[in-house]
Amino acid sequence: MTTATAARTDPEIQRDVLDELDWDAQTRPTEIGVTVAAGVVTLTGWVDSYARRWAAERCAHRVRGVRAVASEIEVRLPGTDERTDAEIAIAAGRALEWDSFVPAERLDVTVANGWVMLRGEVEYGFQRRTAERELRRLRGVRGVTNLVEVHPPSPLSDEQIRRDLQRALIRRTGTERVDIEVSGDTVVLSGVVRSWWQRDEAERVAWSMPGVREVHERLVVAG
């Protein structure tokens, strides 16, 4: 049986990152350079939108064996995509208001030179991520800094969060092989799962817990 635990070489990781960039319809691999050292991927080059930069970073993170990703990709907006800060701010406010999962009334948006600063407070980590995702997609945005805080209406203890996550994982995936560590607003998932679906579902469950601001996924897929 082949598992995902075998050590991978830097050339193997580099090849897979390049293949992932080529496979993903949101990226243009000819624009992006990829180097790998000790499992750390560095992305270079330039793209025509912040959404493409983010998509390239996600491609690298998806590849097995990647320890970290350093993005040096530059965003160069074409003339047709240039927007004033005021135009971006208006579009950002509307995008947040139109998403029913985002409490737009609790968020503040500031734009300077195409860079969006997002502040405010939400109850769930997925709301924080959803708000950022909405802004990343806007035309004219050069980058997003997400300073939104996550505060649940009724704070839970670390042990309560861990128990609730464990029960939810068993309900949704049927696995008990995921180890959960909770420290304040941060959840760390480790252990072994049988499929990429279980891995992704475990991460989604963690983001759905009230008060969780960070999720570090360290699961190994063993088929």
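These are my notebook entries on a few helices, strands and residues in this model.

**Ground rules**

I'm looking at a predicted model, where local features need pLDDT of at least 70, side-chain atom pairs count only at pLDDT 80 or more, and totals for chains, interfaces and linings use all residues. Residues are numbered from 1 along each chain as its sequence is written, and side-chain values use heavy atoms, with hydrogens and water left out.

**Entry 1: helix α5**

I started with α5, residues 158-173. Helices here are DSSP runs of H or I with at least four residues, strands are runs of E with at least two, and both are numbered from the N terminus. I checked the length of α5: at 1.5 Å a residue its 16 residues should span 22 Å, and the end C-alpha atoms are 22 Å apart, so the two agree. The expected span is 1.5 Å times one less than the number of residues.

Next I asked which residues of α5 are buried. I found I161, L165, Q166, A168, L169 and T173. Buried means under 20% relative accessible area, exposed over 50%, and partly exposed in between, using a 1.4 Å probe and protein chains only. These buried residues pack against β9 (178-183), β10 (186-193) and α6 (196-207); contact means heavy atoms within 4.5 Å. Just past the end of α5, I noted that G174 has a positive phi of about 75°.

**Entry 2: the sheet beside α5**

I followed the strands next. They form an open sheet of three, ordered β9-β10-β11, with mixed pairing. Two strands pair if DSSP finds at least two bridges between them. β9 and β11 (214-221) are the edge strands, each pairing on one side only. From one strand to the next the twist averages 10°.

β10 and β11 run parallel, joined by eight bridges. Across that pair, L189 faces E217 of β11. α5 packs on this sheet and touches β9 and β10, its direction making about 155° with that of β9. For angles I use lines fitted to C-alpha atoms, for helices over the stretch in contact, and measure from 0 to 180 degrees between N-to-C directions. I also see α6 lying across β10 and β11, at about 160° to β11.

**Entry 3: α5 against α6**

How far apart are the axes of α5 and α6? They are 10 Å apart, and the helices pack at an angle of about 140°. That makes α5 oblique to α6; under 35 degrees would be roughly parallel, over 145 roughly antiparallel, 65 to 115 roughly perpendicular, and the rest is oblique. On the α5 side I listed L165, A168, L169, R172 and T173, and on the α6 side W197, Q198, E201, A202, V205 and A206.

I picked out A206, which lies in α6. A206 is buried, with a relative accessible area of 0%. Leaving out residues up to four places away in sequence, A206 touches L165, V187, L189, V212 and V215.

**Entry 4: D185 in its loop**

I moved to D185, in the loop between β9 and β10. Is D185 buried or partly exposed? D185 is partly exposed, at 30% relative accessible area. Beyond its neighbours within four places in sequence, D185 contacts G211, V212, R213 and E214. I also looked up H151, 34 residues from D185 in sequence, and got 8.8 Å between their C-alpha atoms.

**Entry 5: α3 and α4**

Back along the chain, I compared α3 (residues 85-98) with α4 (residues 125-136). Their axes come within 9 Å and cross at roughly 135°. That makes α3 oblique to α4. A92, A95 and L96 of α3 meet A131, E134 and L135 of α4.

Nine of the 12 residues of α4 are buried, so this helix is largely enclosed by the rest of the structure. Among the buried ones I noted G125, T130, A131 and L135. Its 12 residues should span 16 Å at 1.5 Å a residue, and the end C-alpha atoms are 17 Å apart, which agrees.

**Entry 6: β5, β6 and β7**

Last, I looked at β5 (residues 107-112) and β6 (residues 115-122), which pair antiparallel over six bridges. D108 sits opposite R119 in β6. Two residues lie between the strands of this hairpin, and N113 takes a positive phi near 55° there. β6 also pairs with β7 (residues 143-146), this time in the parallel sense over four bridges. I wrote down one bridge partner in β7: W115 is matched with G143.
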